[in-house]
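This report offers a short introduction to one protein for a reader who has not met it before. Please look over the sequence and the structure first, and then read on.

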Amino acid sequence: MTVVKPAARKTQSQRREETSNLVLASAIKLFAGKGYTATSLEDVAADTGLTIRPIYHYFGNKIQLFEAVTETQEQLLLEQLLALDPSSPNILYEAWDCFIDCCQQPGFVQIVLVDAPHILGRERLANTSVVKQVKKMLVQGQRGLKIKSRLSALDQEFAMRMLVGGLTEAALMVGTNPDYDSRVMIKRIFTFLAPDKNLPG
């Protein structure tokens, strides 16, 4: 006769993590499908089968939950950017392909590009890990778009904001027009900004 041992009881830490992940997954789905404004914490509670209390406990309020959701979605892009070869002469082109790939993921466009700038503020964008990584790529010396070192710190920040701001607006357009293939145009733009780079044809 085989004796079946009872399953080990989950620790309190494991239960907390499971509940937190359940709420986060539900929030991603609902914010992606309905948008921030039309989604309530009561919707998340109903979707997860929880009361609203643990949602407040783990995430504080709706905005904090949305911020956690946004960071989760941004992490998808950051992981792809960090996986790129920093020595590649085509790193900006490859980074744009990473972005296009993320736009195909459910919720990325609605959460990161449409709602986050309005709900969390446009200034937050400049301090995200994704934008910091993009800035790093833009100033990689011979491997990126050059920002002349003789420029003052404010001049460099001005140029950087123009580039990142332009890319952000282009990203929103591409994300909301999924049938548009931006690769040819992005190659032309990068070639114009860095004419000495040999971007893929």
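## Helix H6 and its surroundings

In this predicted model, helix H6 runs over residues 108-119, and its buried residues are Phe108, Val109, Ile111, Val112, Leu113, Asp115, Ala116 and Pro117. The cover over these buried residues of H6 includes helix H1 (12-34), helix H4 (62-82), helix H5 (91-103), helix H7 (122-126) and helix H9 (153-175).

Just after H6 comes Gly121, a residue whose phi is positive, at about 95 degrees.

## Helix H5

Helix H5, which is among the helices that cover the buried residues of H6, consists of 13 residues and spans 19 Å from its first C-alpha to its last, a value close to the 18 Å expected at 1.5 Å a residue.

Because 10 of its 13 residues are buried, which here means under 20% relative accessible area, H5 is largely enclosed by the rest of the structure. Those buried residues of H5 are Ile91, Leu92, Tyr93, Ala95, Trp96, Cys98, Phe99, Ile100, Cys102 and Cys103.

## The protein as a whole

The protein contains 10 helices and zero strands, and its pattern, when read along the sequence, is α-α-α-α-α-α-α-α-α-α. Among contacts in the protein with a separation of 6 or more, 65% are accounted for by residues 24 or more positions apart.

Of the 201 residues of the protein, 37% count as buried, while the accessible surface of the protein comes to about 12,400 Å², with 56% of that surface belonging to carbon and sulfur atoms.

Note on methods
Residues numbered from 1 in each chain as written. Predicted model: local features only at pLDDT ≥ 70, side-chain atom pairs only at ≥ 80, totals over all residues. Heavy atoms only, no water. Buried < 20%, exposed > 50% of the residue type's maximum accessible area, 1.4 Å probe, protein only. Helix = DSSP H or I, 4+ residues; strand = E, 2+ residues; numbered from the N terminus. Contact = heavy atoms within 4.5 Å. Expected span 1.5 Å × (residues − 1). Areas by Shrake-Rupley, 256 points an atom, 1.4 Å probe, with all protein chains shown as cover.
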